[in-house]
Amino acid sequence: MAAEHFDYSKISYNKNDDWDDVSLIDLENLLQMKGQVKEFRILMMKYDSALLEVRTKLDVLNKELALRNNRNPFEAIKMRIKTPLSIYKKLISKGVDFSIENIDKYISDVAGIRVVCSFVDDIYMLADCLANQDDIRVIQRKDYIDKPKKSGYRSLHLIIEVPIFLVQEKEYMKVEVQFRTIAMDFWASLEHKMKYKKDNINQEVISDDLKFSADLINQLDLRMQQIRRKIDGEEE
């Protein structure tokens, strides 16, 4: 599946595309004032290249494990690069200026990959296989499957650094990799959509319902994993 890329080289400006009265042309002007327009586009190219590197690694693992285990460890991969407005919003929320230096220093998920697996144990196996590769640096690991968020959100998050090979140098770039089951991804997608509904007078009730649904989904994941193990002869 192709990444949801933003075409940084052919930005189409629209004053209606804003966030807190800041538009894409305002961000471009800000970068021009700092003399960083070209550097910004190069930086986004580097993040895009890092995504492709990680995607290739995951595809190779998927092919090998499919041959060894007679099944694919993951069902889908979704990739994305944050848009300029999203990057700006995150930097401002951290209380820092929009600049090339601050993007690299304060944001670790400009490039993101979501790996959707069938079973929970496949998540940990794939994450370990990726993390153990000798050119991968694991910067951070957050296990929201073992310790879910209060909302019920479950996922395994890795912040890694992967090398990209440029004309004159090798450079390590950060990529966030999220591992979820199909059920976890379904819940998270719906929760994200409903969370931003405005004028919701039943917010507390909905939050409780979502938490209850997340617990049911976790039970389903565990049951399906048990069934698969019985089929594979791993459990009596």
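Confidence comes first: this is a predicted model, and the mean pLDDT of the chain is 86, with 87% of its residues reaching 70 or more. The value varies along the chain, though. Among the elements, strand S6 (residues 156-165) has the highest mean pLDDT, 98, while strand S1 (residues 18-19) has the lowest, 40. Over residues 1-20, pLDDT stays under 50, and the model has 43 contacts beyond four places in sequence for this stretch. Where pLDDT is low, the predicted coordinates should not be read in detail. So please treat the contacts of residues 1-20, where pLDDT stays under 50, with that caution in mind.

Let us turn to the open spaces. Rolling a probe the size of a water molecule over the atoms shows where empty space is left. The largest pocket holds about 1,300 Å³ of space. It is lined by 36 residues, and if you would like to find its centre, look for Arg80, Lys82, Asp109, Gln178 and His192, the closest of the lining residues to that point. Several elements give two or more residues each to this lining: strands S3 (74-81), S4 (111-117), S5 (137-143), S6 and S7 (170-181), together with helices H3 (84-93) and H6 (182-195). By class, the lining of the largest pocket divides into 15 charged, eleven polar and ten nonpolar residues.

The second largest pocket has about 170 Å³ of space. Twelve residues line it, and those closest to its centre are Ser151, Glu191, Gln203, Ser207 and Leu210. Helix H6 turns up here too: H6 and helix H7 (203-231) each supply at least two residues of this lining. Helix H7 gives the most, with six residues. The lining of the second largest pocket has five charged, four nonpolar and three polar residues.

Finally, a single residue deserves a visit. Asp122 sits in helix H5, which spans residues 120-131. Is Asp122 buried or exposed? Its relative accessible area is 4%, and because anything under 20% counts as buried, Asp122 is buried. Which side chain makes a polar contact with the side chain of Asp122? The partner is Arg71, at 2.7 Å. Leaving aside residues up to four places away in sequence, Asp122 touches Arg71, Pro73, Cys117 and Arg228. Two of these names can be placed on elements you have already met: Cys117 falls within strand S4 (111-117), and Arg228 within helix H7 (203-231).

Key: Residues numbered from 1 in each chain as written. Predicted model: local features only at pLDDT ≥ 70, side-chain atom pairs only at ≥ 80, totals over all residues. Heavy atoms only, no water. Helix = DSSP H or I, 4+ residues; strand = E, 2+ residues; numbered from the N terminus. Buried < 20%, exposed > 50% of the residue type's maximum accessible area, 1.4 Å probe, protein only. Polar contact = N/O pair within 3.5 Å; in protein donor to acceptor, adjacent residues only side chain to side chain. Contact = heavy atoms within 4.5 Å. pLDDT = per-residue confidence, 0-100. 1 Å grid on protein atoms, 1.4 Å probe; cavity = no way out; pocket = protein on both sides within 12 Å on 5 of 7 lines; lining within 4 Å. Points joined across faces, edges and corners; volume = space filled by probe spheres on them. Nonpolar A, V, L, I, M, F, W, Y, C, P; charged D, E, K, R; others polar.
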